[in-house]
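These exercises concern the chains of one complex. Try each task on the structure before reading its solution.

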Amino acid sequence: MEKKLSEMTYGEEGIVKSIEESLRNNVAGMGIRTGKKLKMVTKQPIKGPVVVLVDESRTSLGLGIADKIMVEAEK
Amino acid sequence: MGLSVDERWDLIDKISKETVTFGKYKHTLKDAVGELTIKPLTGIPIAIAVLYGLWSFFGSFAGFFTDGFFVSLFDEHFLPWIQSVFPDKGGWLYYIFVGDPLADNCFEAFGVLTSGLFIAIGVVLPAIIAFYLILTLLEDIGYMPRLAVLIDTILHKIGLHGYAIVPTILSLGCNVPAVTASRILETRKQRFIMMTLLAIFIPCGAQLGIMEEVIPDTMGYVLIYLLIGYFILGFILNKIIPGKSPEILIDVPPYQRPMLRNVRRKMQMRIVGFFKVAIPFVLLGCAVVNILYKGGVIDWLANVMSPLLSGWFGVPDETVGPLIAAFLRKDLAVAQLSAIPMTSYQMITSVVLVSIYFPCVATFVMILKEGWKDLLGSVAVLAAVVFLYGGLIHLIGILLGVA
Amino acid sequence: MKVLLMGHPNVGKSVFFNRLTGSNAIESNYPGTTVDYTKGYMLLENKDVEVIDVPGIFSLEPKDRAEEVSVKMLEEEKDAIVVCVFDASKIERGLYLALEIIEKGYPVIIALNMWDVATDKNIAIDVKNLEKILGVPVIATTAISGEGIAEVVSRIGEASPVKIRNIIKNAGD
């Protein structure tokens, strides 16, 4: 099922489907790119940032940034 | 001949497929602790505990050395000695360097070599060492990015994001390196908000140390007023300053065992850096204020400023002296305030005023280095804030019946 | 000639710098807070060569002013040799930065640092093959223990600019 990264739940894994153009350069250096598998580590309450795991590295992204990344969630 | 982002990653995937094999990764205790400290349910209580620990270590370490060692060294040995050997009792030089010949402690003497040295070495040095020790450990372990993630939501409301906690906490040691650290924020708007907030509302380690020593009972109220001011002003600045406030995007590195040599070097550099800025200004501040007192300038200013000071802010007119000293050093100003007789609410108000009304001269110069336009903006904001917030605190005092 | 050390934050770059220069640089977890950058000298073919420890960055597209400073340092040293230091266990992110620097035409030498950590994590890297594909020297290092540093020093001279086309060709499909 395709959804926004921000909509993933704790521990859920997924493959990045698309990243909004304006954002691609910014997240590329962190290893986040189309086709990459990632896992949701935590979500902070009250619209706080998310932390995702990519290649055993943790990256924190604001919720607005996570809204612009689409993932295919794994069941 | 540069590749696009996607082309570059495609190439890396190809290279990686041919050269790297990822074995089964076993999660370790370090990973488990890493997750506990970043998940909100466990992470937020841990963060509060860490900050509380930082605070109580700061207080007890500094108190231990100041009260247990420096107070007796300065008051019982150094002060009587310098009072007896310094020539020309009652002369100008004596007044400037030693101060009141009848004083029996270094707080009330107010000479450059008595109060000045005592504040710098006896009070501020232990406070700064305690603060930087904990801060450096937290940094080198890798805790700061986690704190940034946990606090992001709150700082987002004032146009910043979680990583702004780095300059904010650094500023509790000294505002000077914190101004440089505000460069880790993405936009000019964010950097302006950060610099202005820390110049106005964050007390530095020297000031915290002296407050802990001279006004331990009312210090909590001062900090609450400063904290509330930090968020109110941040909220307003975020609304009125044009520009973007990008969201947090940071790497959260694994925990590391701090390398002792690195911690030592970093602390050494920070403490030396701090004192290069602090000592000359503490001594200069003492001298300038003494000269102004002796020349009658302070009394004259106290008269002229009376409507503003006792009328609008509700503090004694004598606070004009410490307010002048605060241009140079906040720690010195707080020490001087503590010697002026006033009610405890007036003490709270005047310490808040001393904190917010102007960044110390070293911070001022640092902000100037980041750009004079930003400096002018900060100063304009500052003038408005001091006038309004100072008046507001007075009003609250009147409503509570304590002013 | 100058040598620039570049890489992500938190990869032991300053320890690496200390090993190269014998001086005491300070590892800062975020750039811009303690020092803008650290300079030192190393002995290379009997000459003192300046080494600059560039504050850690993730890519050459700066997202804040601290990263801007790092990118500017690279751009100002047109004839520098760049030693890319990464965390070997995060090799893909590291290669991203290395390729960006190679694309700009700089001679590059790659140090896969924290090799011990990668081994602990069961990550195996074929260093020889990686070197063949990239066409630049690649060396496994563990700066904390000093492993591999001597090889980096002895092979700095081998670094030369590489055309990205050749890397694409070598990577095959």
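**Exercise 1. Compare the radius of gyration of chain B with that of a compact globule, and describe the chain's overall build.**

Solution. The model is a predicted one. Start with the length: for 403 residues, a compact globule would have a radius of gyration near 22 Å. Chain B has 24 Å, which agrees with that value. Next, take the extents along the principal axes: the C-alpha atoms of chain B fill a box of roughly 85 × 45 × 45 Å. Then turn to burial, where 47% of the 403 residues of chain B count as buried. Contacts come next: among those in chain B with a separation of 6 or more, 73% link residues 24 or more positions apart. Finally, the secondary structure of chain B consists of 20 helices and two strands.

**Exercise 2. Do the same for chain A, beginning with the order of its elements.**

Solution. Chain A has two helices and six strands. Read from the N terminus, they follow the pattern β-β-α-β-β-β-α-β. The globule rule gives 11 Å for 75 residues, and the radius of gyration of chain A is 11 Å, so chain A is as compact as a globular protein of that length. Its C-alpha atoms fill a box of roughly 25 × 25 × 20 Å along the principal axes. Of the 75 residues, 49% count as buried. Residues 24 or more positions apart make up 54% of the contacts in chain A with a separation of 6 or more.

**Exercise 3. Trace the seven-stranded open sheet and find which strands stand at its edges.**

Solution. Step one is the order, which is β1(A)-β6(A)-β2(A)-β3(A)-β4(A)-β5(A)-β2(B), with antiparallel pairing. Step two is the edges: β1 (2-4) of chain A and β2 (249-252) of chain B each have a single partner strand, so one side of each is left without a neighbour in the sheet. Step three is the twist, as neighbouring strands are turned by 40° against each other on average, direction ignored.

Step four looks at two of the pairings. Within chain A, β2 (residues 13-19) and β6 (residues 69-73) pair in the antiparallel sense over five bridges. Ile19(A) has Ile69(A) in β6(A) as its bridge partner. Between the chains, β5(A) and β2(B) run antiparallel and are joined by four bridges. Here Leu61(A) is bridged to Leu249(B) in β2(B).

**Exercise 4. Which elements of chain B give two or more residues to the side that touches chain A?**

Solution. Count the residues first: the contact takes 20 from chain B and 26 from chain A. On the chain B side, α1 (5-19), α7 and β2 of chain B each give two or more residues. Sorted by class, this side has 11 nonpolar, three polar and six charged residues.

**Exercise 5. Judge how far the prediction can be read, for the complex and for chain C.**

Solution. For the complex, the predictor gives an ipTM of 0.90 and a pTM of 0.85. Chain C averages a pLDDT of 84, and 91% of its residues score at least 70. Confidence in chain C is highest in strand β5 (residues 108-113), at a mean of 93, and lowest in strand β2 (residues 38-44), at 80. Over residues 29-35 of chain C the pLDDT is below 50, although this stretch has 32 contacts in the model beyond near neighbours in sequence. Where pLDDT is low, the predicted coordinates should not be read in detail.

Key: Residues are numbered from 1 along each chain as its sequence is written. Chains are lettered from A and ligands numbered from 1 in the order in which they are written. This is a predicted model: local features need pLDDT of at least 70, side-chain atom pairs count only at pLDDT 80 or more; totals for chains, interfaces and linings use all residues. Two strands pair if DSSP finds at least two bridges between them. Axes are lines fitted to C-alpha atoms, for helices over the stretch in contact, and angles run from 0 to 180 degrees between N-to-C directions. pLDDT is the predictor's confidence in each residue, from 0 to 100. Two residues are in contact if their C-beta atoms, placed from the backbone, lie within 7 Å. The radius of gyration is taken over C-alpha atoms; the globule rule is 2.2 Å times the number of residues to the power 0.38. A residue is buried if 20 or more other C-beta atoms lie within 10 Å of its own, exposed if 12 or fewer, and partly exposed in between; C-beta atoms are placed from the backbone. Ala, Val, Leu, Ile, Met, Phe, Trp, Tyr, Cys and Pro count as nonpolar, Asp, Glu, Lys and Arg as charged, and the others, Gly among them, as polar.
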